[in-house]
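Hello,

Here is the structure I promised to pass on to you. Please have a look at it first, and then read my notes underneath.

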Amino acid sequence: MPPRRSARVASHDEPSSKKPKYEEPDSDSDFEAEEEAELEVGDELPQITLKDDHEKEVDVADVVKNNKYVVIFAYPKALTPGCTRQACGFLKLYQSFVDNNTKVYGLSTDSPKAQLSFVSKQGLRFPLLSDPERQLIGLLGAKKTPSGTKRSHWIFVDGKLAVKKVQILPEDSFTTALSDIEGFVAKNGGESKAEPQAEEPKAEPQAEEPEAEPKEEPQAAPAPEANGADEAAEPKVEA
């Protein structure tokens, strides 16, 4: 008679009803995929509000929609050598951007206080946006993993992303940004559509004064003819 198997041993042969721990809903990964979605050329910027170097809230989407051209450049950390070269390059060319009706903004994860220090020490003439959560930085495709920011810049034209340059050298950032802006202006017929500067009133052409008619100078009475002529005219009296 074959040995009887115990119930304890037999239970090991039955398939386990427990699911492996790794079989969990992948909703979190789906959420992360959505979070990592990037803007591409032709897309509009969704509403994102960040603080600038004066802790003033800036609706970035509103800025982009209400300006013909907007350049946003991102840098890893304020006051570091490469970031200073990049920001000062935009400062050096700033008037050229202004002349082409372009708004310029800097962007990093630095706090508003650190951004203000950057502005003050370098004499920057444009706002610096603080994005500690990397909302805009991530949306524009410049977020490093697990942390950090890729040096980049973007150009928005008529509210839509027109240029996207990620992972770029400091000097290439400001020079190519201006070159691209000038290219867009040229396509628009060479008109930057900058706010018209007050022109000095042109002097209206003064009515030409009528030329004074030459005054007739009184002609001098004819000079008496020579004595010989007078004698010829008067009859001679015979003696």
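Below is what I found, going from the whole chain to single residues.

Please keep in mind that this is a predicted model.

**The chain as a whole**

The chain has 239 residues, and 33% of them are buried. Its secondary structure comprises nine helices and seven strands. If you take the contacts between residues at least 6 apart in sequence, 63% of them join residues at least 24 apart. The exposed surface comes to about 17,200 Å², with carbon and sulfur atoms supplying 49% of that area.

**Two helices side by side**

One helix pair I would like to show you is α4, residues 81–92, with α8, residues 170–187. Their axes lie 8 Å apart, and the packing angle is about 20 degrees. Angles under 35 degrees count as roughly parallel, so α4 is roughly parallel to α8. As for handedness, α4 and α8 make a right-handed crossing.

Which residues make the contact? On the α4 side they are G82, R85, Q86, G89 and F90, and on the α8 side P170, E171, S173, F174 and A177. By character, the residues of this contact between α4 and α8 split into four nonpolar, four polar and two charged.

**A strand residue: A162**

A162 sits in strand β7, which covers residues 160–166. Is A162 buried or exposed? Neither label fits: its relative accessible area is 25%, so A162 is partly exposed, given that buried means under 20% and exposed over 50%.

Beyond its neighbours within four places in sequence, A162 is in contact with V41, I155, F156, V157 and F184. V41 is a nice one to pick out in the viewer: A162 and V41 are 121 residues apart in sequence, yet their C-alpha atoms are 5.2 Å apart in space.

**A loop residue: I48**

I48 belongs to the loop that runs between α2 (27–35) and β1 (49–52). With a relative accessibility of 9%, I48 counts as buried, because the cut-off for buried is under 20%.

What does I48 touch, once residues up to four places away in sequence are set aside? The list is V58, D59, V60, A61, Q135, L136 and L139. For V58, which is 10 residues from I48 along the chain, the C-alpha separation is 8.3 Å.

**Backbone details to check**

Three places in the backbone are worth a look when you go through the loops.

- T145 and P146 are joined by a cis peptide bond, with omega at about 5 degrees. P146 is in the loop between α7 (135–139) and β6 (152–157).
- E55 has a positive phi, near 60 degrees, although E55 is a residue other than glycine. The loop between β1 and β2 (57–59) holds E55, and E55 counts as exposed at 52% relative accessibility, since exposed means over 50%.
- N101, also a residue other than glycine, has a positive phi near 60 degrees. N101 lies in the loop that connects α5 (94–99) with β4 (102–108).

If you want somewhere to start, I would go to the packing of α4 against α8, then turn to A162 in β7, and finish with the cis peptide bond between T145 and P146.

Happy to talk any of this through once you have had a look.

Best wishes

Note on methods. Residues are numbered from 1 along each chain as its sequence is written. This is a predicted model: local features need pLDDT of at least 70, side-chain atom pairs count only at pLDDT 80 or more; totals for chains, interfaces and linings use all residues. Side-chain values use heavy atoms; hydrogens and water are left out. Axes are lines fitted to C-alpha atoms, for helices over the stretch in contact, and angles run from 0 to 180 degrees between N-to-C directions. Helices (H or I, at least four residues) and strands (E, at least two) are DSSP runs, numbered from the N terminus. Angles under 35 degrees count as roughly parallel, over 145 as roughly antiparallel, 65 to 115 as roughly perpendicular and the rest as oblique. A crossing is left-handed if the near helix is turned anticlockwise from the far one by less than a right angle, and right-handed if clockwise. Contact means heavy atoms within 4.5 Å. Ala, Val, Leu, Ile, Met, Phe, Trp, Tyr, Cys and Pro count as nonpolar, Asp, Glu, Lys and Arg as charged, and the others, Gly among them, as polar. Buried means under 20% relative accessible area, exposed over 50%, partly exposed in between (1.4 Å probe, protein chains only). Accessible areas come from the Shrake-Rupley method with a 1.4 Å probe; for residues, only the protein chains shown count as cover.
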